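Work through the exercises below with the sequence and the model side by side, and try each task before reading its solution.

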Amino acid sequence: IPFPYATTAALEAMASTVPAPELLRKRYTRAQIDTAKSAQAEGDFVPTANEVVCTDVLKTVAARLDADAEFALQFPANLRGRYHSLPADYFGAAVLMCITKGWRAGEIVDMPAVDVARAMRAAKAAHTSEAHIQTVLDWEASRPSKPRVFVEADGHHLALTNWTSFEFYDITLGLGQPSLVIVGYAMWIPFLGYLLPCEPSAGRAIDVIVSLPPRSDKARQEPNELSMCS
């Protein structure tokens with residue numbers, strides 16, 4: 001699906017006018033993730049590692065905003081497994097953006113973590129349903145006769161992408177195993193973040209890097225469930 005990307009020159013010009021943001025850089029150990037999954041389990045619902053970490057990041061970002069600020073979480077869903085004719089090692093654009101319902105930032109701060117995780121699960125189910133996928137395919141077949149109406153919500157959108165399933169540390173390029181995997185450009189876009197794989201010796205830990213929004217004067221400063229992660 002085409003997007004009206006800005007040119008490199010335009011992005012650099014924009015970057016020069018935006019103050020360098022504060023970055024959230026956090027490592028979630030597997031022990032911390034597993035403990036949070038157990039603590040947030042409710043009935044037959046057990047959050048995934050992705051849901052646990054995204055929930056914690058969402059609460060951290062929400063705590064920086066005015067309590068009445070509208071807020072939602074955007075994240076991509078992998079659809080490659082639905083197309084069985086693709087080669088097993090296919091790597092391509094078979095993803096769709098999902099978005100949770102909108103909340104007020106203060107609601108997210110106060111909300112039980114399991115409720116945020118359930119909202120993520122519901123958003124993924126809705127946006128990867130056969131009906132929704134078909135609307136995207138129908139739009140693609142009719143393009144450019146009509147514009148695609150992308151799912152949006154009022155207010156801010158925290159966009160988090162999980163790269164932990166990519167085997168970056170197995171890619172040597174003839175130079176040996178990488179010592180660090182990190183985003184390859186300046187993180188100056190507020191509300192944008194990534195979940196990254198850690199070195200194999202870290203035991204399936206997850207590194208997070210997020211470009212934080214400026215802190216509101218009315219923001220609340222409260223710890224959340226995983227605030228002790230370093």
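**Exercise 1: A residue in a loop**

L173 is exposed, with a relative accessible area of 73%. The model is a predicted one, and the tasks that follow ask you to read it step by step.

Task: Find where L173 lies, and state which surface patch L173 helps to make.

Solution. Begin with the position along the chain: L173 is found in the loop between β5, which covers 156–162, and β6, which covers 192–197. Next, apply the cut-off for exposure, which is over 50% relative accessible area; L173 counts as exposed because its value is 73%. Then look at the partners of this residue on the surface: I171, L173 and L175 make a nonpolar patch of about 390 Å².

**Exercise 2: Positive phi angles**

Task: State what phi L173 has and what phi R204 has, and describe where R204 lies.

Solution. Start with the general expectation, which is that most residues other than glycine have a negative phi. L173 has a positive phi of about 55°, although it is not a glycine. R204, likewise a residue other than glycine, has a positive phi near 65°. Finally, place R204 in the chain: it is found in the loop between β6 and β7, the latter spanning 206–211, and with a relative accessibility of 58% R204 counts as exposed.

**Exercise 3: A glutamate in a helix**

Task: Decide whether E51 is buried or exposed, and identify which side chain E51 joins in a polar contact.

Solution. First locate E51, whose place is in helix α3, made of residues 49–62. Buried means under 20% relative accessible area, so E51, at 7%, counts as buried. Then turn to its side chain, which is joined to that of R121 by a polar contact of 2.6 Å. If residues up to four places away in sequence are left out, E51 touches F45, V46, A117, M120 and R121.

**Exercise 4: The whole chain**

Task: Describe how the elements of the chain are ordered, and say where the confidence is lowest and where it is highest.

Solution. Count the elements to begin with: the chain has 6 helices and 7 strands. Read from the N terminus on, they run α-β-α-α-β-β-β-α-α-α-β-β-β. As for confidence, the chain averages a pLDDT of 83, and 84% of the residues score at least 70. The lowest mean, 74, belongs to helix α1 (residues 8–15), whereas helix α2 (residues 30–40) has the highest, at 97. To finish, consider burial, for which the answer is that 39% of the 230 residues are buried.

Note on methods
Residues numbered from 1 in each chain as written. Predicted model: local features only at pLDDT ≥ 70, side-chain atom pairs only at ≥ 80, totals over all residues. Heavy atoms only, no water. Patch = residues over 30% accessible without salt bridge, like charges linked within 9 Å, V, L, I, M, F, W, Y side chains within 5 Å. Areas by Shrake-Rupley, 256 points an atom, 1.4 Å probe, with all protein chains shown as cover. Salt bridge = Lys/Arg side-chain N within 4 Å of Asp/Glu carboxyl O. Helix = DSSP H or I, 4+ residues; strand = E, 2+ residues; numbered from the N terminus. Buried < 20%, exposed > 50% of the residue type's maximum accessible area, 1.4 Å probe, protein only. Polar contact = N/O pair within 3.5 Å; in protein donor to acceptor, adjacent residues only side chain to side chain. Contact = heavy atoms within 4.5 Å. pLDDT = per-residue confidence, 0-100.
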